[in-house]
Amino acid sequence: MLPEIDRTKPLEVLRNYGKEITIATLGSHSALNILRGAKDEGFRTVCVCRERERIIYESFGVADEIIEIGDYRDLLKKSLQDELVEKNTIIIPHGTFNAYIGNLNDLYVPVFGNRKLMLWETIREKQMEWLREANLNLPKTYGRAEDIDKLVIVKYPGARGGAGYFLASSPEDFYEKAERMIKAGLISEEDVKNAHIQEYIVGANVYFTFFYSPVFNRVELIAADRRYESSVDGIGRIPAEDQLKAKINPTYTVVGNFPVVLRESLLAKVLKAARSVVEVSKRIAYPGMVGPFCLETVFDDNANMYVFEISARIVAGSNVGVPYSPYSYVLFGEPMYAGRRIAREIRLASDKNMLEELVY
Ligand SMILES: Nc1ncnc2c1ncn2[C@@H]1O[C@H](COP(=O)(O)OP(=O)(O)O)[C@@H](O)[C@H]1O
Ligand SMILES: [Mg+2]
């Protein structure tokens, strides 16, 4: 069961805001993208960050104010929330919110987007249910390691940036590698119990950032990227012979992203999938998608598209789209990227008196 999300308090707070809105986020993930975007659209910005990341936000000058906290969860503290409310703040959530803060229900500072969908995203089974409802092509999920009959990828609950994921091709292989990974301190026994086992699709990975705009009532493709993952992207640099001797397990820790431009004819599938996901979102979590979301896909050698993950907020891959991607440029004819698109939506909604439709 998903926890309830209560919208009453943030809405009440939002209704008392004056014209001058501040945009704030946690200092990590896609904060540079979000804060630059907010500044490009003329907002005041606040970055709430830990001491160890402060250097990043000081170095780029996109935060009008930096508020230091000891731990990400300190964002929930009443004193800090009151300070943000005082500044008419709207918080832009990103992956760090999912990973470290949980259900966001304790935030009464208005949060951009649909928090119910952000909860759906934290549970892999829920994500799969959503994608299945949207009639998308998904890799097969295995209920138990004993059923593994072809190459699979083993993952864990929550967004972990790929840490500790591994491949296996039989039950024996699964247990042997799991044990090796536990010994190496990469995963825990608990992880193995909660493992999500999925058919591995061999192909080209592409991750799409979309934006659903309540103001324009449309789905927009903002950017596409692929990941730079360790060690899977490093293995090809050593000869097969050495790979075998060193018994290297490919792992999927994200280190960065590259921009991708898709073969144009493939865009039809991509855009249809995005629309379909938005349609389903309206049924599963009223009023459905608000703002950025991402589909993670693999195209196999017949250019069939498999979708293996959905995120209901900005993803770090959209950072490759600052100041624009080919897609956002074609659509807007001006520099546009996920962070700026969010701020633009807030500005347009504020002008049209529909800010409440961006906060769920
Ligand atoms: N079914 C799959 N087939 C092929 N590669 C996959 C599959 N699922 C995940 N991957 C690879 O593993 C990485 C991390 O998996 P993902 O499901 O995106 O987990 P996370 O929640 O950590 O982002 C992906 O970026 C991709 O490279
Ligand atoms: Mg992912």
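**A chat about a predicted model**

Visitor: Let's start with A303: buried or exposed?
Guide: A303 counts as exposed, because the number of C-beta neighbours inside 10 Å is 12. Bear in mind that this is a predicted model.

Visitor: Where does A303 sit?
Guide: A303 belongs to the loop between β12 and β13.

Visitor: And what about phi of A303?
Guide: That phi is near 60°, a positive value in a residue other than glycine.

Visitor: Which other non-glycine has a positive phi?
Guide: K247 is one of them, with a phi of about 50°. You'll find K247 in the loop between α10 (240-246) and β11 (252-259).

Visitor: Is K247 buried or exposed?
Guide: K247 is exposed, because 8 other C-beta atoms lie within 10 Å.

Visitor: On to backbone geometry: which residues does a cis peptide bond join?
Guide: One such bond joins S230 and S231, with omega about 5°. S231 is part of strand β10. Another cis peptide bond links V322 and P323, where omega is again about 5°. P323 lies in the loop between β13 and α12 (326-332).

Visitor: You mentioned β10. What about E220, which is found there?
Guide: E220 is indeed a residue of strand β10. E220 is partly exposed, because 19 other C-beta atoms lie within 10 Å; being buried would take 20 or more.

Visitor: What does E220 touch?
Guide: Leaving out residues up to four places away in sequence, E220 touches F210, F211, S213 and L331.

Visitor: How far apart are the C-alpha atoms of E220 and V260?
Guide: They are separated by 16 Å, and the two residues are 40 residues apart along the chain.

Visitor: New topic, the ligand. How many residues surround ligand 1?
Guide: There are 20 of them, and the closest are P139, G162, I201, Y252 and F308. Five elements give two or more residues to that shell: β6 (152-155), β8 (196-199), β10 (218-231), β12 (291-299) and β13 (305-311).

Visitor: How do the shell residues divide into nonpolar, polar and charged?
Guide: The shell around ligand 1 holds nine nonpolar, four polar and seven charged residues.

Visitor: Which domains give residues to that shell?
Guide: Domain 2 (124-137 + 202-241 + 253-351) and domain 3 (141-199) both do, so ligand 1 lies between them.

Visitor: What does the domain assignment give for the whole protein?
Guide: Besides domain 2 (124-137 + 202-241 + 253-351) and domain 3 (141-199), the assignment gives domain 1 (8-111).

Visitor: How far apart are the C-alpha centres of domain 1 and domain 2?
Guide: Those centres lie 23 Å apart. As for contacts, 17 residues of domain 1 meet 17 residues of domain 2.

Visitor: Which helix gives the largest share of the domain 1 side?
Guide: That is helix α2 (residues 31-40), which supplies six residues to the side of domain 1 that touches domain 2. The residues of that side of domain 1 divide into eight nonpolar, six polar and three charged.

Visitor: Let's look inside. How many residues are in the largest nonpolar core?
Guide: That core has 83 residues, and F112 and F208 have the most contacts inside it. Its largest share, six residues, comes from strand β9 (residues 204-213). Domain 1 (8-111) and domain 2 (124-137 + 202-241 + 253-351) each give at least three residues to this core.

Visitor: What does F112 touch?
Guide: Not counting residues up to four places away in sequence, F112 touches I90, I91, I92, P93, G291, I342, I346, L358 and V359.

Visitor: And which residues are in another core, apart from that one?
Guide: The other core has 13 residues, among them Y156, I187, A195 and Y252. Y252 is also among the closest residues to ligand 1.

Visitor: Let's zoom out. How many helices and strands are there?
Guide: The protein has 13 helices and 13 strands. Buried residues make up 41% of its 360 residues.

Visitor: What is the radius of gyration?
Guide: It is 21 Å, which agrees with the value near 21 Å for a compact globule of 360 residues. Along the principal axes, the C-alpha atoms fill a box of roughly 65 × 45 × 40 Å.

Visitor: And what share of contacts comes from residues 24 or more positions apart?
Guide: Such pairs account for 66% of the contacts with a separation of 6 or more.

Note on methods. Residues numbered from 1 in each chain as written. Chains lettered and ligands numbered in written order. Predicted model: local features only at pLDDT ≥ 70, side-chain atom pairs only at ≥ 80, totals over all residues. Near = placed C-beta within 6 Å. Helix = DSSP H or I, 4+ residues; strand = E, 2+ residues; numbered from the N terminus. Nonpolar A, V, L, I, M, F, W, Y, C, P; charged D, E, K, R; others polar. Domains from an automatic or database assignment. Contact = placed C-beta atoms within 7 Å. Core = buried A, V, L, I, M, F, W, Y, C linked by C-beta atoms within 7 Å. Rg over C-alpha atoms; globule rule 2.2 N^0.38 Å.
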